[in-house]
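Work through the exercises below with the sequence and the 3D structure in view, and try each task before reading its solution.

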Amino acid sequence: MYISFFVLLLVLVSIEDMKTRTIPNYYPLAILVLSLLTSSVGQALIDSLMIGGLFLIIALLSNGKLGGGDVKLIAALGAYFGVIGAIASVIVGLVVAVITEILVKRNLKDSFALGPYLAAGAALVSLINISLG
């Protein structure tokens, strides 16, 4: 049941980010709350802070290429998956982003909404977890 709600949230994040280039706070917050229902509260918060802090530093160094909504989404993924799962989600999402952007022949130096790709990475990691778990 929780996985369905998680994937629904990822779809909504994707739609919102594609339309507005923003990820409203209530989506990462909902993922965080969902993760607190499914795992240890303390560990989820520690993982969220660790991965969120890392990507906050990356965002600050990226000159606006990585937005605050992306950082909050990654932090929420940290709570949901743990640090390793969140990193896997980001890596898979970035691979999907690069492939997609090349296929549509966009210049990778141009900005694009990252949320849908992060969501795709998270959905794929969820499927892998279900298959292996």
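The exercises that follow concern a predicted model.

**Exercise 1.** Determine how many helices and strands the protein has, and in what order its elements run.

*Solution.* Begin by counting the elements, which gives 6 helices and 0 strands. Then follow the chain from the N terminus, where the order reads α-α-α-α-α-α.

**Exercise 2.** Decide whether the radius of gyration of the protein agrees or disagrees with that of a compact globule.

*Solution.* First take the expected value, which for a compact globule with 133 residues would be near 14 Å. Next take the value of the protein itself, which is 14 Å and therefore agrees. As a further step, look at the contacts with a separation of 6 or more, of which 68% join residues 24 or more positions apart. Finally, note that buried residues make up 41% of the 133 residues.

**Exercise 3.** Classify the ring pair of Tyr80 and Phe81, and then that of Phe112 and Tyr117.

*Solution.* The structure holds 5 aromatic pairs. In the pair of Tyr80 and Phe81, the ring centres lie 5.1 Å apart and the planes stand at 90°, and because an angle over 60 degrees counts as edge-to-face, that is the class of this pair. Both of these residues are buried, and together with Phe6 they form one aromatic cluster. For Phe112 and Tyr117, the centres are 5.7 Å apart and the planes are at 85°, so this pair is edge-to-face.

**Exercise 4.** Is each of Phe112 and Tyr117 buried or partly exposed?

*Solution.* Buried means a relative accessible area under 20%. Tyr117, with 12%, is therefore buried, whereas Phe112, with 22%, is partly exposed.

Notes. Residues are numbered from 1 along each chain as its sequence is written. This is a predicted model: local features need pLDDT of at least 70, side-chain atom pairs count only at pLDDT 80 or more; totals for chains, interfaces and linings use all residues. Side-chain values use heavy atoms; hydrogens and water are left out. Helices (H or I, at least four residues) and strands (E, at least two) are DSSP runs, numbered from the N terminus. The radius of gyration is taken over C-alpha atoms; the globule rule is 2.2 Å times the number of residues to the power 0.38. Buried means under 20% relative accessible area, exposed over 50%, partly exposed in between (1.4 Å probe, protein chains only). Contact means heavy atoms within 4.5 Å. Rings of Phe, Tyr and Trp (its six-membered ring) pair if their centres lie within 6.5 Å; planes under 30 degrees apart count as stacked, over 60 as edge-to-face and the rest as tilted.
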